[in-house]
Amino acid sequence: MNRPFPAVLLLALLSWAHPAPAAAQQPYAPRLDRISLWGTGFGPDGSVTTWLYVQGANLDPAGEVLIDGQVQASIPHQTLENDLLGVDPATLGYPILHYLAMVVAPGRRRAGATLQVQLRNPDGRTSAVKPFRLPDDEATLDSDGDDLYDAWELRGYDADGDQVVDVDLPALGAHPYRPDVLLEVDLMDSLRHPPGAEVFGVVQAAFQSAPILNPQGGNGIHLYVDAGGRVPFSPFLGMYRQDNPASGVRNFYLLKADHFDDRVRGRLFHYCIWARALAEGGSGISDVHVNAEGTDFDGPGDDCIVGLDRFEKPYNSVRNRAATLMHELGHNLQQRHGGETVFQYTPNYNSVMSYSWQLRTGYDSMNRYALPVCTPFFYGQANAVELGGGLPPGAGNYIDYSEGMGRDLVEGELNEIEGVCNGNSADFDLDTRIRTRAAVDLNQDKDTGDRLSDFPNWFQLVFSGPRQNGMLSAPPTAPAAAPGPATGEPR
């Protein structure tokens, strides 16, 4: 049972365990990234007493946390210095020098109340206001916001209410104060390039290294992968295609019904099949929920297919296979190809969700040259560059979602000398001349009037896909087209 810590005891403990960093003038306004809970109790009068665990980028240790416009008692708990990998902060839109987590005492509040939370640095600059809804009761308390209730993460999940634990979440590494994502990946038989522990380990390492500060259980996000299942071979697997074995097409949901224990795991796990090829085309697809107009995502998903096996070997490197799985899982977590948009090629969107990133090391030099990115962030290497589109020495298996640091690019006013970041020039219009002004349709939406922005994926993940069940849960009853493009055909 979670209980609030006594204020005097907790503040003394924090001061001893995590000495507050020295105050320093921050050159950038704070950004409020995340709010979670630490120690929560409920009163018989419908009240809740808890500590808020508030994380901000570029938040000064002497900064303040405001709730409903009023300054609250708070203390710094931990910081995470950010490595810009040699990128000049002046070439970024929002350079993040560090993250800081504050423990905040909001006092006794009404259970279920919504608080308006804001950060303020000593120089008066503030973050945007972020609403945060307090928990309703102990049974549905979710301290870390991962849509897995604390009670389940502490004692296990009883799927049918018979008082018998069906999924031992603590044994899977779940923790009530650190976000957890649970993923089952079943491999199709007879793959040429089946993913092994190294591929899954790269994705898990990326989540573990996420810039998420947690009060207990370690920082980052814990990604549990169960890759022990198998499904029978089929030349093509589709989500939006009817089952037609005679033509080599199997429907995903018929295989899922046979191989995934939805009764026990459906509320907890994302489910993915690693297939030979995707019937819809591309390297993967997710059942992320798409709006009625087919123009945007309006809810998360819980199913995905990786259909990379038929591609040539450069696309089946450890890095590209891991990136494709992380990309499709990102869709399940309601992340888009273009950050705030569904546009697929956004040079300054420093994320594996971008087509410019996902299969980049499988492209030839010409295609990399035509799709400039911030290369130190892509490779995770200080001052990395792609000379003529070539791979830099020592290119490894680093993959990532974005922290939202890239500077805006205006398609009609592109400075090719400045490029995407760090003064690395980019021939945006591919005319071999590097100029101070060029107009290019970078996101391939047939105009040059857009302002393209980066987007902080890590702080916008939507964890409720398994509960909301995505766009589909059964095969289509008639031939259907996917509501959006499948992911990542080779160039």
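## A quick tour of a sheet, some hollows and a few residues

Ile67 sits opposite Val117, a residue of strand E8. That pairing is a good way into this structure, which is a predicted model. From there we can look at the sheet around Ile67, then at the empty spaces, and finally at three single residues.

**The four-stranded sheet**

- Ile67 has a second opposite number too: Gln70 in E4.
- Strand E3 covers residues 64-67 and pairs with E8 in the antiparallel sense, over four bridges.
- E3 also runs antiparallel to E4, and two bridges join this pair.
- On its other flank, E8 (residues 114-120) is joined to E9 by four bridges, and these two strands are antiparallel as well.
- One pair to look for there is Leu115 and its bridge partner in E9, Phe132.
- Put the pairs together and you get an open sheet of four strands in the order E4-E3-E8-E9, with antiparallel pairing.
- Why do E4 (70-71) and E9 (130-133) each have one side left without a neighbour in the sheet? Both strands stand at the edges and have a single partner strand each, so there is nothing in the sheet to fill the other side.
- As background, side chains in a regular strand alternate between the two faces of the sheet.

**The turn between E3 and E4**

- E3 and E4 form a hairpin with two residues between the strands.
- Asp68 in this hairpin takes a positive phi near 55 degrees.

**The largest pocket**

- Empty space can be found by rolling a probe the size of a water molecule over the atoms.
- About 890 Å³ of space lies in the largest pocket.
- Its lining is made of 35 residues, and those nearest the centre are Ile35, Phe132, Asp142, Gly145 and Asp146.
- Two elements each give two or more residues to this lining: strand E1 (31-42) and E9.
- Which of them gives the largest share of the lining? That is E1, with five residues.
- Phe132 is worth a second look, since this residue is both the bridge partner of Leu115 and one of the residues nearest the centre of the largest pocket.
- By class, the lining of the largest pocket has 16 nonpolar, eight polar and 11 charged residues.

**The second largest pocket**

- The second largest pocket holds about 450 Å³ of space.
- Of its 26 lining residues, Asn82, Ser209, Tyr398, Asp400 and Glu403 come closest to the centre.
- Strand E5 (73-81) and helix H3 (197-208) are the elements that give two or more residues to the lining of this pocket.
- H3 has the largest share, with three residues.
- Sorted by class, this lining has 14 nonpolar, seven polar and five charged residues.

**The cavities**

- How many cavities of 30 Å³ or more does the structure hold? There are three.
- The largest cavity has a volume of about 70 Å³.
- Residues that line the largest cavity include Asp146, Asp180, Arg267, His270 and Phe463.
- Strand E10 (residues 180-188) gives the largest share of that lining, three residues.
- Seven residues of the lining are nonpolar, one is polar and four are charged.
- Asp146 turns up in two places: Asp146 is among the residues nearest the centre of the largest pocket, and Asp146 also lines the largest cavity.

**Glu386, tucked into a loop**

- You'll find Glu386 in the loop between helix H9 (375-379) and strand E19 (409-410).
- Is Glu386 buried or exposed? Glu386 counts as buried because its relative accessibility is 14%, and the cut-off for buried is under 20%.
- The side chain of Glu386 makes a polar contact of 2.8 Å with the side chain of Arg360.
- Another polar contact, of 2.6 Å, links the side chains of Glu386 and Tyr379.
- Leaving aside residues up to four places away in sequence, Glu386 touches Arg360, Arg368, Thr375, Tyr379 and Pro392.

**Two exposed residues with positive phi**

- Ser190 lies in the loop between E10 and H3.
- Its phi is near 65 degrees, which is a positive value in a residue other than glycine.
- Ser190 counts as exposed, because its relative accessibility is 61% and exposed means over 50%.
- Thr432 belongs to the loop between E19 and strand E20 (451-452).
- Thr432 isn't a glycine either, yet has a positive phi of about 70 degrees.
- With 68% relative accessibility, Thr432 counts as exposed.

Conventions:
Residues are numbered from 1 along each chain as its sequence is written. This is a predicted model: local features need pLDDT of at least 70, side-chain atom pairs count only at pLDDT 80 or more; totals for chains, interfaces and linings use all residues. Side-chain values use heavy atoms; hydrogens and water are left out. Two strands pair if DSSP finds at least two bridges between them. On a 1 Å grid over the protein atoms alone, a cavity is a set of points where a 1.4 Å probe fits but cannot get out, and a pocket is an open set with protein on both sides within 12 Å along at least five of seven lines; lining residues have an atom within 4 Å of a point. Grid points are joined across faces, edges and corners, and a volume is the space filled by probe spheres set on the points. Ala, Val, Leu, Ile, Met, Phe, Trp, Tyr, Cys and Pro count as nonpolar, Asp, Glu, Lys and Arg as charged, and the others, Gly among them, as polar. Buried means under 20% relative accessible area, exposed over 50%, partly exposed in between (1.4 Å probe, protein chains only). A polar contact is a pair of N or O atoms within 3.5 Å; within protein, one must be able to donate a hydrogen and the other to accept it, and residues adjacent in sequence count only if both atoms are side-chain atoms. Contact means heavy atoms within 4.5 Å.
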